[in-house]
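Q: Please take a close look at one loop of this structure for a reader who is new to it. Then go on to whatever else can be described along the same lines.

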Amino acid sequence: MAITITAAAADSMGDALATAIGSAATIQIRSGSKPATPETIVSGTLLATVAISGSFTSTGGVLTSADPAAVTIAATGTAGYFRLLTSGATAILDGTVTATSGGGDMELATVALSSGASLDLGVPSITVPVA
């Protein structure tokens, strides 16, 4: 059974999440399975780190940031999850990574990442669920 919240509550939660993330966050793309919680120590190989310039903003519970620059993949492996960290390296959230249309929290053109290749995430978007 799922709970539902109002759009106003989702908007407030989005604002709070954007504040918690702050400016100059990073997104790590890692191999392996997503840890149980963001407080759990990371696992898997760090494949790529994407710097977010500026801050996330929230409108209607949907957080977006400026389009980060493409990065060079640091290690070869299969992307399994991502971790969003503050500029002080505090983990805020984790999510799954799948190939496009795979249903992951983040979808990439391919999860097979190769060292030295380029990775462009596009505009990151996080949605606070209303229903």
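A: Alanine 24 lies in the loop that runs between α1 (7-21) and β1 (26-31). The model is predicted. In the backbone of this loop, alanine 24 has a phi near 60 degrees, which is a positive value in a residue other than glycine. Is alanine 24 buried, exposed or partly exposed? Its relative accessible area is 42%, and because that falls between the cut-offs of 20% and 50%, alanine 24 counts as partly exposed.

A second loop can be set beside it. Serine 101 sits between β7 (91-99) and β8 (106-108), again in a loop. Phi of serine 101 is near 70 degrees, also positive in a residue that is not glycine. With a relative accessible area of 68%, serine 101 is exposed, because the cut-off for that class is over 50%.

β7, the strand before the loop of serine 101, also takes part in the largest pocket: β6 (77-85), β7 and β11 (125-127) each supply at least two residues of its lining. Rolling a probe the size of a water molecule over the atoms shows where empty space is left. The volume of the largest pocket is about 330 Å³. Its lining is made of 15 residues, and those nearest the centre are Phe82, Leu93, Asp105, Ser125 and Ile126. Sorted by class, the lining holds ten nonpolar residues, three polar ones and two charged ones.

Technical notes:
Residues numbered from 1 in each chain as written. Predicted model: local features only at pLDDT ≥ 70, side-chain atom pairs only at ≥ 80, totals over all residues. Heavy atoms only, no water. Helix = DSSP H or I, 4+ residues; strand = E, 2+ residues; numbered from the N terminus. Buried < 20%, exposed > 50% of the residue type's maximum accessible area, 1.4 Å probe, protein only. 1 Å grid on protein atoms, 1.4 Å probe; cavity = no way out; pocket = protein on both sides within 12 Å on 5 of 7 lines; lining within 4 Å. Points joined across faces, edges and corners; volume = space filled by probe spheres on them. Nonpolar A, V, L, I, M, F, W, Y, C, P; charged D, E, K, R; others polar.
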